[in-house]
Amino acid sequence: MALAVSLNPEQQAAVVHRGSPLLVLAGAGTGKTRVITHRVAHLLDEGTPPWRILAVTFTNKAAEEMRSRIDLLCDGRHDTKQIWVGTFHSICARILRRWGQPVGLSPRFTIFDTADSVQVMSRVLEAQNVSDKLFSARGVLGWIDRAKNRGLGPTQLDDIGLIEPVRSVVAKAYATYQKRLLAADGADFGDLLVHAVALLRQADKPATGQLADTDPVRGLLHRFVHVVVDEFQDTNPVQAELVDRLAAHAELCVVGDDDQAIYGWRGADVDQILRFADRHAGTEVVRLEHNYRSTGCILRCADAVIRKNSSRLGKTLWTDAGEGDKVRVLELFGEREEAKFVAQEISAAIDDGASPEQYAVFYRTHAQSRALEEALRNAGLSCRIVGGVAFYERAEVKDIIAYLVALQNPGSDTHLARILNRPARGIGGTTLERLLGHGTAREITLWEALHEARDAAVTPAACRKIAAFVELMEELRAQVPTLRVDELVAEIVERTGYREMLSVDADEEAQNRLENLQELLGNVQEFVADRPGATLADYLEQTSLVAGERAEGDRTRAVTLMTVHSAKGLEYDEVYLTGMEERVFPHARVIDDPVQLEEERRLAYVAITRARKRLTLTMVARRQLYGQTQAGTPSRFVLDMPRDAIASAPSAARPGRSPSPALRRREPSWNDDVVYDVDPGVELSSDELGGEEGVVLYVGMHVRHKDFGVGELIGWAGVGPQLKFNLRFPKNGIKTILARFCEPV
């Protein structure tokens, strides 16, 4: 194999190293997959039997690419099918299907996917009389998954920070859930890892008896002589233990980048790569720093951002491709102007012959995508959402829209059926089928069938729950003529228990869904501000048209939209990184947590290094996000970048950063006799806030309280004398205080 031709010196050193553990620190765009595949091919050329090599990665796509590239390099010289190449979960499933009996699994065991697990947990919680309004099945499974990632059982939940009564509920549900899975000869994804490690632990105990040496699992501990692991920075403690046990008698090579460890929220532990050399004596470290993707200016900006992290092994990316264009930083007035700017620039470039596939627009959270999607559509461009779905197609958004449709048109069976048990209110699928069957037989709508539930062979308990739902819908429908559409949406989110359902779950998915609901509320507020006299029917018509137009167009030639988390491993000629403000990126949830803030900085590093030729960062002076307006201050990540690598365009914010007309008090409309809740960003009169005239509320503003001092406004609710502030004080934490006891600083 002509290594010198295809590999640079550092890559070649990683490929040929033998005799001790190897840690390959592979920076973004430095060719880590090339190193892994060449190392395996070189081992085969040296005479290592294929069946004695294990190569592990995280996704099926990566595993398939790894195997195909090894096949290409070997060109038929070796039987590469005998190499164990796969994901952590597929390798564990392979082990358990062959030797899983000691942990209670037959060779035919079933792997429970997420939907299966939710069904089992729902039955467990119901049997234990746990209220689904306080503990959702997904939420409890989230805590259990967090425990499994660290190898913790039901009695060890104190180690993941659970407090009462959450700990007791989760522990009891966890124990019962595991019993039901094993009784069904099943395992969820977390169990694949936990059971495989348990099996290897048992096999690693001192041997006893004449037949001990024939134990096939003990043989597995000695099977491999070379183990290669990709993306090691994303491993959790259980995965790291699995690797160590399978590599106990092998040379271990792990490849990863501590600067790209961005999945702590789903159980990954960056310490696994940071402490690798401490746990494996004699480790050789090879740094891959020659970047083949990005220009010099982009790399210098990425390096300046990541250098602020204290928990890193350290490396500096460089390129021989030249400095390239400077990184552009632009400030615009609001998220609409930001989205319009991005859409117009990309549209103009495509008109000049550029390919839309080489343009990507990044954002920190899915909720930010709405304005960008709409702007691209208005510019006549198709877009594809990576790692998510279009805003109006997200489940929680569709649920609230379905409530609105059902209030507007009770005869819409489809929308009513969608929300009948969302959030869960004990009206199951069997009950719905009976109601629909009754409606078909009587030739009436589902809404009418709900009023005849007793005649539909529905149980008395279900009838009571249906009656409560009907009463709720009738109360909400009575408010339609008197409430603005944004007020109606807020009422639905609160009255139905939808917000409560998401708030009790601590997992990242629930928080993202909650943010999407807040963004929907912001969308409706914009709609009402632009069309003061608009009705519910007007809003539903607009959302239908938006969704319909989004479904059209050539999706094979589309601009890519995605969160930064979804961008890892990808690259584009031109990247727009939007929302570069404090509390947006970095996210407000991590500002006060040094550990999470370091992961957020790694996330920024990942975003920057996706760009090959050009990178544009955008920020705004005022952003309406999650239904509230906040003042935009430049992200610390932007401020960290070297001035000589940045091209700062003239600010597009309006002089003096005055509020946009959309944020001022609305014009009188037909329902101006209604007492409105305060909208984010409206000017409050002197009797509404501390005697000050024309005070504009925004997230991030500073407010003084006589006892607690100066605090930061993070949210508010209510109106007039009942207006309440959610304030974060440096020494006293978060407090909820009536606005009349505060004054703006």
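**Aromatic pairs, cores and a sheet**

F362 counts as buried, because its relative accessibility is 0% and the limit for that label is under 20% relative accessible area. The structure in which this residue sits is a predicted model, and F362 is a useful place to enter it, since one of the ring pairs described below involves this residue.

The structure holds eight aromatic pairs in total. One of them joins Y263 and W265 in an edge-to-face arrangement, with 6.3 Å from centre to centre and 70° between the planes. The two partners fall into separate classes of accessibility, for Y263 counts as buried at 11% relative accessibility, while W265, with a relative accessible area of 37%, is partly exposed. Another pair is made by F362 and Y572, again edge-to-face, with ring centres 6.5 Å apart and planes at 75°. Because F362 belongs to strand β10 (residues 359-363) and Y572 to strand β13 (residues 572-577), this pair ties together parts that are 210 residues apart in sequence. Y572 is buried as well, at a relative accessible area of 5%.

Rings also meet charged groups in this model. The charged end of R97 sits over the ring of F109, at 4.1 Å from its centre, and the charged end of R477 sits over the ring of W447, at 4.8 Å from its centre.

Where are nonpolar residues gathered in the interior? The largest nonpolar core has 51 residues, and those with the most contacts inside it are I400, L404, L435, L450, F469 and Y539. Helix α17, which spans residues 395-408, gives the most to this core, contributing nine residues. F469 shows how such a residue is surrounded: leaving aside residues up to four places away in sequence, F469 touches Y403, L416, I419, L420, R425, I427 and L450. A second core, separate from this one, consists of 43 residues, including W99, L221, V254 and A261.

The last stop is a sheet. Strands of a sheet pair through backbone hydrogen bonds, in either a parallel or an antiparallel sense. Here five strands, in the order β23-β22-β21-β20-β24, form an open sheet whose pairing is antiparallel. Its edge strands are β23 (733-738) and β24 (742-744), each of which pairs on one side only. On average, and with direction ignored, neighbouring strands of this sheet are turned by 45° against each other. At one end of the order, strand β20 (residues 702-705) and β24 pair in the antiparallel sense over three bridges, and H705 stands opposite C742 in β24.

Notes:
Residues numbered from 1 in each chain as written. Predicted model: local features only at pLDDT ≥ 70, side-chain atom pairs only at ≥ 80, totals over all residues. Heavy atoms only, no water. Core = buried A, V, L, I, M, F, W, Y, C linked by side-chain atoms within 4.5 Å. Buried < 20%, exposed > 50% of the residue type's maximum accessible area, 1.4 Å probe, protein only. Helix = DSSP H or I, 4+ residues; strand = E, 2+ residues; numbered from the N terminus. Contact = heavy atoms within 4.5 Å. Phe/Tyr/Trp six-rings, centres within 6.5 Å; stacked < 30°, edge-to-face > 60°. Lys NZ or Arg CZ within 6 Å of the ring centre and 35° of its normal. Pairing = 2+ DSSP bridges. Axes fitted to C-alpha atoms, helices over the stretch in contact; angles between N-to-C directions.
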